[in-house]
Structure formats: structure tokens, C-alpha cells
Amino acid sequence: MTNVYVDTAVVRIQQYLSRTPTLRGYRSGSAAIKAATAAAVVDPVVAGLAEVNPEAGEADGVVSVWFAASSPPDPAADEAMVRQVQDRLLTHLREHLPAAHLTSVHGYGENYLEAVHQQIKARRAAGEARVDLPPVFEFQAVTRCDVCHTDPAVRWHRVMGDRQRLCQDCTVRNVSLAQTRKQPTDPDPDLARTAEQELRHRLDEDRAPGAGLADPPDTFDELARLGSSGSGRNHLATVFADGNAVGAFFDALATATDPQMQSRKKKVSADLNEATQQALAQATGAVLGDRNILSVVPHVAGGDDLMVTLPAEHAWRFTLTYLSAFAEWMDVAASDLLDTVNAGRAIPLAPISASAGIVISDSSYPFTLVVDAAARMLRQAKRHTRGRTPAVQWLDITTDGHDPAHEPADLAQLRVAAPHLDRLAGVPQAHRNAVGVAHTQAGALTAHTVARRVGDHRLAIEAFLPAGANLDQPEPAGMPLPTALNLVRWWPPS
Ligand SMILES: [Zn+2]
């Protein structure tokens, strides 16, 4: 039986969220998107025409619905139906997300995976998606919104006690924020949880009754203050992660004809989403320890996409735990599918993993620039291993500016380097600086000489310098000193 699947989505969701510069604005944007795209909300919108697609994996900002194609085939009738479904969904989403850039695209298939990988992706790439843009405001005379400073203000609203003039989009966000705050973990049962509510729910389940997490911080400054006293408590890290080579795997799976795989195909998007949620909870648990305040703020967590902000000193532990956990969960969920797909391939597909970009900045740095930089770091990380193994690229905006001077590192390399980084982090800052300057100005040989002068810490430094009498051997830690010195600035105290 052939079905018609219609995917309607918020384009560039991270950029849409960063319309408002505050953590509150981010949180309420996430809540507004969830409130508009939850199955229980979408079902009545498309009632009589289509149903919410149970095979889609809850990617943030995506509404997927389906209906059975006409039998006998009548493409004109199907296309007309698609049009009606889109009309209803776009009207609904526009009302709830006034400033979002929306697209809708459809495809035919026996199952969702087939429709996506044989039609929907190609249509989107060919620019055949239906696009719905927010209205453009051209007149300078209007009063701008006090929050986003982008769209014209349409009404007065009370925002956390202050009266402010808000645009349509910020008005909707303000309402959804009020709803989110009222019920931090359990919103209206009809609504999907936001990424943050889902995370809190999962963490609370593992805690003793009554020992649930306290309310998370309300501003980026408050979030930064959850770092340890040695960290300065004013730097944040924003981590972007997404799956490596997920598209290639799904493409291969979509074309596989093995009848045993048919039912698994319907579940694999949900498996991917579950791996993301589980890995997020595990990585958050690793940085929380026994503290009971949530210091990881997830903005997007769905499908294989993740974006979180947390105190800078927790970034490495979070990211390394997340990447390991994601790969493990995907191995459990899909290694048999991968084996089946690979049986017929000359060049086997790599196991599904994720890569990450980390951006560290002062908590007052414009968040929209942080988001752009994090997306760039993620792209560099993925290019580094061509998506075959997990990798990380990172940027400390405060000290490095627009671009890092170092190569991305792959996860295996970071695991080898980790114990050496623990030791390097224990070397006093002044010694690290001295040896770094020596290396930059005069090379590895001079850095060796300087390292010898710092007595106890010599071995910690030499692990990152080429070994052997003629410096002809690789660094024991598998990472050059300048990269290690950069990375270790925010390496967690062990
Ligand atoms: Zn606004």
C-alpha cells in the first residue's frame, strides 16, 4: 500500500530560536514550537484529511502527517489533498510561530523511510518544497518590539513583571513561557514535553522520590554562575551535535528490500531520537554529579540533533560522554540493520555516531553569534573524519576570536589524550604559558628545554611533545602541545 507523507517544518530552527537574545527567549521559543507541533495539537488540525505520522522520530520543529494514496492511483486527487493538508498546517503553524520560516514537502512510499529517502529529500534539494515566509515589515515608522528588536510591536505585555511592547512572535513566546514555568516537568498532558522538560523528566525518574531537580536558571548569567569558583563563573559553552552519515544509512536502508527489515524501518527514526535523548540524559548526569540543579539547558534535542548550553568547564565531560553514549545507543538499536545493509556493499557504511562543535564564550556574548559559530565548528568536526568517526572541533571566542588555530580532534584521540590532559590541567597556568610561548617562538626542541626547567610538571608537558632523541616519534598523548594547551583551558578539574 502506498502512503503519502507530508513533512512541514520550521527552517533553521536554531536561528529562529535566537531571534530573542535571552535564555528565557530561547526556552519560550522551544516551548512554543513544541506546543504547536505536538501530536495532540496537530491531529485535530488535519482531521478528516490526514493523521500524525507515527513513524517520524520527533525531530524538533517538524510536523509529519500521512494519508493513504488513492486506489486506483489518482495523482491529481492526491496532490489536491496534499495542498489542503498543507493549507491547514501552514495556517496553524503561522498562527503559533508568527516569525518562523516554514516549508512543506511531500513524498510517496510504502513507509516513511522510503518516502523521505526516495522523494522528500530530493524534492527539498531541488527547491520543490512549498515555502511560507513571515510577513515583511518595510516601514521604519513602526515601533519595534522591545524583546527581539526585529518586528513591529503589536501590543503591550507583561514580561516577568515589566510592561513591554511585543511583536506577534514574542507575544506567543511570552504566553508559552508562562505555561512552561507553571508546570516545569509535566505540562498539559496533551502537549509534548520541551527538550528541557523531557530531560528533567528522565533525570527525575532516576532520583529518589522528593529529590527532584530544582528549577533551572532563568538567565545565561545565572547559568554561568553554576560553574565552580575556579572557573570565574562567567563563561558558557554551547554544544551542537548531530549524527554522522545518518543520511547515507537511511538511504541504504530505504532501498533495502529484505522483508525482515520492513517493520524495523518504521521504528528506526524513533530509535535515533531515543539515542539522542538517552545520551543527553547520560551526559547531563555526568556533569551534574550529586547537585540537584539542572546546569545543562537543552534548546534542541530531537532526531539526531542536539544543541545545549552549560557552564564552560563542564563542556568537555558533557561532550565526550554524549558522543560515547550516542554511539553505544545506536549500536544497540541499529547494528543488526547496519550488518544487513553492509552485506550487499563493497564499501561498508560506518557505525552510526555523532560529532560535535563546542563554542565557549563570555555569558554576555551575543547568543546568535555563538549559535552561528557552533554550527561552523560542527561542520569542521564532521569534515575532519568525513563523518566516519566521532570528532569534535572547539572554539574559545574570548581568546581565539573567529576561528580556532587547531585541527578538530577525533573521539578516539581525545580518549587517549584524556589522562594526559588531566595531568596537564594540574600544571600551573604560568608554566603552561611559558612552555606555550617557547613552542610558538622556537619550536618543540625549545619547549622540551623549558619543560625540563619546571621540575615536577615536566612529564605532564612532555607527553604532548614529539619523543625520541631526534624528536622523530609522535607525541605520547597523540596530540600536539599547542592544541593541548588550548583545549586544557576548559578541561574539567579532575
Ligand atoms: Zn519580538
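# Exercises on a predicted model

Arg233 sits in the loop between α8 (220-224) and β8. The model is predicted.

## Exercise 1. Two arginines in loops

Task: Describe the backbone and the surroundings of Arg233 and Arg12.

Solution.
- Step 1. Start with Arg233. Its phi is positive, about 55°, although the residue is not a glycine.
- Step 2. Count its neighbours. Arg233 has 17 C-beta neighbours inside 10 Å. A residue is buried at 20 or more and exposed at 12 or fewer. Arg233 therefore counts as partly exposed.
- Step 3. Move to Arg12. This residue lies in the loop between β1 and α1 (13-17). Its phi is near 50°, again a positive value in a residue other than glycine.
- Step 4. Count again. Arg12 has 14 other C-beta atoms within 10 Å, so it is partly exposed.

## Exercise 2. The overall build

Task: Work out how compact the protein is for its length.

Solution.
- Step 1. List the elements. The protein has 19 helices and 13 strands.
- Step 2. Compare the radius of gyration with the globule rule. The radius is 25 Å, and the rule gives 23 Å for 494 residues. The two values are close, so the protein is as compact as a globular protein of that length.
- Step 3. Add the extents. The C-alpha trace spans about 80 × 65 × 50 Å along its principal axes.
- Step 4. Look at burial. Of the 494 residues, 45% count as buried.
- Step 5. Check the reach of contacts. Take contacts between residues at least 6 apart in sequence: 67% of them join residues at least 24 apart.

## Exercise 3. The five-stranded sheet

Task: Give the strand order of the open sheet of five strands, and find the helix that packs on it.

Solution.
- Step 1. Read the order: β2-β3-β1-β4-β5, with antiparallel pairing.
- Step 2. Find the edges. They are β2 (51-52) and β5 (130-132), and each pairs on one side only.
- Step 3. Inspect one pair. β1 (residues 3-10) and β4 (residues 102-109) run antiparallel and are joined by eight bridges. Val6 stands opposite His106 in β4.
- Step 4. Place the helix. α4 (residues 75-96) packs on the sheet and touches β1, β3 (62-68), β4 and β5. Its direction makes about 25° with that of β1.
- Step 5. Check the loop between β3 and α4, where Pro72 is found. The peptide bond from Ser71 to Pro72 is cis, with omega near 0°.

## Exercise 4. Ser64

Task: Is Ser64 buried or exposed?

Solution.
- Step 1. Locate the residue. Ser64 lies in strand β3.
- Step 2. Count the C-beta atoms. There are 26 others within 10 Å. The cut-off for a buried residue is 20 or more, so Ser64 is buried.
- Step 3. Name the contacts. Leaving out residues up to four places away in sequence, Ser64 touches Tyr5, Asp7, Asn53 and Ala56.

## Exercise 5. The six-stranded sheet

Task: Trace the pairing in the open sheet of six strands.

Solution.
- Step 1. Read the order: β9-β10-β8-β11-β12-β13, with mixed pairing. The edge strands are β9 (297-302) and β13, each paired on one side only.
- Step 2. Take β8 (residues 235-244) and β10 (residues 305-311). Six bridges join them, and they run antiparallel. Ala241 stands opposite Leu306 in β10.
- Step 3. Take β11 (residues 353-362) and β12. They run parallel, joined by five bridges. Gly357 stands opposite Gln393 in β12.
- Step 4. Follow the crossover. β11, helix α13 (residues 367-384) and β12 make a left-handed β-α-β unit.
- Step 5. Finish at the edge. β12 and β13 (residues 409-410) pair in the antiparallel sense over two bridges. Ala391 has Asp410 as its bridge partner in β13.
- Step 6. Judge the burial of β12 (residues 391-396). Five of its six residues are buried, so the strand is largely enclosed by the rest of the structure.

## Exercise 6. The nonpolar cores

Task: Which residues of the largest nonpolar core touch the most other members?

Solution.
- Step 1. Name them. In this core of 128 residues they are Ala315, Phe326, Ala356, Ile358 and Ala484.
- Step 2. Find the main contributor. Helix α12 (residues 315-343) gives the most, with 14 residues.
- Step 3. Zoom in on Phe326. Leaving out residues up to four places away in sequence, Phe326 touches Ala275, Thr276, Ala279, Ser353 and Ala354.
- Step 4. Look beyond this core. Another core, of six residues, lies apart from it, and its members include Cys145, Leu166, Cys167 and Cys170.

Definitions and conventions. Residues are numbered from 1 along each chain as its sequence is written. This is a predicted model: local features need pLDDT of at least 70, side-chain atom pairs count only at pLDDT 80 or more; totals for chains, interfaces and linings use all residues. Helices (H or I, at least four residues) and strands (E, at least two) are DSSP runs, numbered from the N terminus. The radius of gyration is taken over C-alpha atoms; the globule rule is 2.2 Å times the number of residues to the power 0.38. Two residues are in contact if their C-beta atoms, placed from the backbone, lie within 7 Å. Two strands pair if DSSP finds at least two bridges between them. Axes are lines fitted to C-alpha atoms, for helices over the stretch in contact, and angles run from 0 to 180 degrees between N-to-C directions. A crossover is right-handed if, with the strands pointing away from the viewer, the path from the first strand over the helix to the second runs clockwise. A nonpolar core is a set of buried Ala, Val, Leu, Ile, Met, Phe, Trp, Tyr and Cys residues joined through C-beta atoms within 7 Å.
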